[in-house]
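Dear colleague,

I am handing over the structure below, together with some notes on what I found when going through it. Please read the notes with the coordinates open beside you.

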Amino acid sequence: MASEGVLSSGLSMGELGRRVKAERRARGLSIERLAELSGISRSMVSDVERGAKTPTVLVLDRLATALGTSIARLLDEPSRGVPRVLRRAEQRVLRDPSGWERRVLSPVLADVEFEFMRTTLGPGVDAGEFAPHAPGSREYVAVESGRLLLTIDGAPYELDTGDSAYYPGDRRHAFAAGGAAPCVFYLAMELGGQHREPTKETSHG
């Protein structure tokens with residue numbers, strides 16, 4: 001399992017799989033339909049739901065996007081609408097075997113699809129391309145240190161330390177570290193209307 005990715009969040013693979021399955025069934029999606037929407041193979045979707053494989057961060061993000069939600073919601077139960085402090089030890093951390101880390105800084109709130117995260121890319125590490133989110137989604141990036149190579153729908157943008165950017169979240173977006181130093185950046189993501197299928201499909205598995 002370690003070769004597929006490392007979920008350093010304290011959540012078991014079995015529990016993650018149950019949450020993915022619950023979100024899929026709540027939307028009336030079959031495994032085949034979720035595989036089609038996410039671009040992930042049916043066998044991988046099935047393995048994730050059964051807790052048989054640890055997904056990479058990119059795979060988990062694509063599944064969350066296809067479900068119209070965020071990685072954070074797949075990792076945490078919603079908090080009540082009261083002030084909450086997330087101590088460093090309580091924050092969900094995902095580490096990808098390609099050499100990067102995503103730390104989720106925001107709590108999950110009921111009926112709010114928002115995620116605030118801190119990402120660290122090793123020198124020269126390419127995190128890959130993320131799928132477009134729902135129409136109306138927005139993303140904001142701010143570079144804490146290093147250089148970030150941000151690509152939106154194939155158009156490259158170089159962001160240095162202290163630079164920031166906004167882009168519509170319903171476009172393809174990719175992140176890579178430029179230069180010989182690690183890159184640390186913050187990303188705030190506000191999702192648009194949640195994905196829903198027009199008719200309920202029969203779930204399999």
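**Helix 2 and its surroundings**

Directly after helix 2 comes G39, a residue with a positive phi near 75°. Please keep in mind throughout that this is a predicted model, and that the values quoted here are computed from it.

Helix 2 itself spans residues 31-38, and its buried residues are I31, L34, A35 and S38. Viewed down the axis of helix 2, these buried residues fall within an arc of 100°, so they line one face of the helix. That fits a general point, namely that an α-helix has 3.6 residues a turn, so residues three or four places apart point the same way. As for what covers the buried residues of helix 2, the list includes helix 1 (13-26), helix 3 and helix 4.

Two residues from these neighbouring helices deserve a separate word. R42 lies in helix 3, which runs over residues 42-49, and its C-alpha is 5.9 Å from that of E32, although the two are 10 residues apart in sequence. With a relative accessibility of 37%, R42 counts as partly exposed.

A66, in turn, belongs to helix 4, which covers residues 57-66. Is A66 buried or exposed? A66 counts as buried, because its relative accessibility is 8%, which is under the 20% cut-off for that class. Between the C-alpha atoms of A66 and E36 the separation is 8.9 Å, with their positions 30 residues apart along the chain.

With best regards

How values were computed: Residues numbered from 1 in each chain as written. Predicted model: local features only at pLDDT ≥ 70, side-chain atom pairs only at ≥ 80, totals over all residues. Heavy atoms only, no water. Helix = DSSP H or I, 4+ residues; strand = E, 2+ residues; numbered from the N terminus. Buried < 20%, exposed > 50% of the residue type's maximum accessible area, 1.4 Å probe, protein only. Arc of directions from axis to C-beta. Contact = heavy atoms within 4.5 Å.
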